[in-house]
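Please look through the structure below with its sequence alongside. The paragraphs that follow lead from a turn at one side of the sheet to the core, the helices and the ligand.

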Amino acid sequence: MSDTDSTSRWNARYLERPNRLFQPETYLVEKLALFRAGSVMDVACGDGRNAIYLAQQGYNVTGVDFSIEGLNRLKGFASEAGVTIHTKVLNVDNASQFSQLGRYDNAIFVHFKPSVQTFAAVSELLRPHGVLCMTSFNTAHRISSPNFPAAFCHEEGEFLNRTQCLELVEYVSYQDTCGKFDGYIFRKCADY
Ligand SMILES: C[S@@+](CC[C@H](N)C(=O)[O-])C[C@H]1O[C@@H](n2cnc3c(N)ncnc32)[C@H](O)[C@@H]1O
């Protein structure tokens, strides 16, 4: 599927969604105590369930996504919640663009599996001791949902030892009401 097709598909999905904000991701909520105070980059933020939750917890949040309709919904929900989220329309597969987005105390990938290059680029923009929280479906999810695309699923341990600038805090496979997931927490090493 081309980037244009993929963007259009996500825009259509957001236009069809009921006008309500989903709950933030439970794994993120459970791991929030590990985050550094300050800013968060929400990569592929969608319509903002996690970005808005983080802003309500006092974080300065920037959300990037290629779906304008998703970001429009995010802005509406943020306004209703009385929080401000910085947004940018971005195809996150173009990893070189991240170097222009500044530096962050934390970053999240939720229900989105980054490319090798995007994972590395987002790791780069973390400040020393910054936290990266990532969770998405894993390959075991396809046993019960065989039509779910393999490209969106984490292979077992796929993001372990990807970059020397991150120290692993936690790697866990788990199941919730949506399916089977792999979750990772990394901390940026002090000397990067
Ligand atoms: C399953 S949703 C997850 C949204 C959000 N992280 C959440 O947990 O609710 C995946 C999101 O990734 C976005 N996305 C997919 N590919 C992308 C890309 N190459 N660049 C930017 N956003 C992308 C979609 O527009 C969609 O908002």
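**From a hairpin to the core**

Strands β6 and β7 are joined by a hairpin through 2 residues; helices (H or I, at least four residues) and strands (E, at least two) are DSSP runs, numbered from the N terminus. This is a predicted model, in which local features need pLDDT of at least 70 and side-chain atom pairs count only at pLDDT 80 or more, while totals for chains, interfaces and linings use all residues. Residues are numbered from 1 along each chain as its sequence is written.

The two strands of the hairpin run antiparallel, and 10 bridges join β6 to β7 (residues 179–188); two strands pair if DSSP finds at least two bridges between them. Aspartate 176 has glycine 179 in β7 as its bridge partner. Strand β6 is hardly covered, since the count of buried residues among its 11 residues is 1. Here a residue is buried if 20 or more other C-beta atoms lie within 10 Å of its own, exposed if 12 or fewer, and partly exposed in between, with C-beta atoms placed from the backbone.

The hairpin belongs to an open sheet of 7 strands with mixed pairing, in the order β3-β2-β1-β4-β5-β7-β6. The edge strands, each of which pairs on one side only, are β3 (86–89) and β6 (166–176), and the twist from one strand to the next averages 15°. Strands of a sheet pair through backbone hydrogen bonds, either parallel or antiparallel. Strand β1 (residues 39–43) and strand β4 (residues 104–110) run parallel and are joined by 4 bridges, with valine 40 standing opposite asparagine 106 in β4.

Valine 40 also leads into the interior, for it is among the residues with the most contacts inside the largest nonpolar core, together with Val43, Ala51, Ala107, Ile108, Val122 and Leu132. That core has 40 residues; a nonpolar core is a set of buried Ala, Val, Leu, Ile, Met, Phe, Trp, Tyr and Cys residues joined through C-beta atoms within 7 Å. Leaving aside neighbours within four places in sequence, alanine 107 is in contact with Val40, Met41, Val43, Val122, Leu126 and Leu132, where contact is defined by C-beta atoms, placed from the backbone, that lie within 7 Å.

Several helices accompany the sheet. Helix α5 (residues 116–125) lies across β1, β4, β5 (126–137) and β6, running at about 145° to β5, whereas helix α4 (residues 68–81) lies across β2 (60–65) and β3, at about 170° to β3. For these angles, axes are lines fitted to C-alpha atoms, for helices over the stretch in contact, and angles run from 0 to 180 degrees between N-to-C directions. Helix α4 also packs with α1 at an angle of about 35°, the two axes being 7 Å apart. In this contact Trp10, Asn11, Tyr14 and Leu15 of α1 meet Ile68, Glu69, Gly70 and Arg73 of α4.

Why is α3 largely enclosed by the rest of the structure? The reason is that 7 of its 8 residues are buried, namely Arg49, Asn50, Ala51, Ile52, Tyr53, Leu54 and Ala55. These buried residues of α3 pack against α2 (26–31), β1, β2, α4 and β4. Glycine 58, whose phi is positive, near 100°, follows α3.

Both α1 (3–16) and α3 (49–56) supply at least two residues each of the shell around the ligand. In total 19 residues surround the ligand, and the closest are Trp10, Ala44, Gly46, Phe66 and Ser67; a residue is near a molecule or strand if its C-beta atom, placed from the backbone, lies within 6 Å of it. The shell divides into 8 nonpolar, 7 polar and 4 charged residues, where Ala, Val, Leu, Ile, Met, Phe, Trp, Tyr, Cys and Pro count as nonpolar, Asp, Glu, Lys and Arg as charged, and the others, Gly among them, as polar.

Finally, the loops. Between β4 and α5 lies histidine 111, a residue other than glycine with a positive phi near 55°; histidine 111 is partly exposed, with 15 other C-beta atoms within 10 Å. Lysine 113 is found in the loop between β4 and α5, but it counts as buried because it has 22 C-beta neighbours inside 10 Å. Beyond its neighbours within four places in sequence, lysine 113 is in contact with Ser136, Phe152 and His154, and its C-alpha atom is separated by 6.4 Å from that of serine 136, 23 residues apart along the chain.

Terms used. Two residues are in contact if their C-beta atoms, placed from the backbone, lie within 7 Å.
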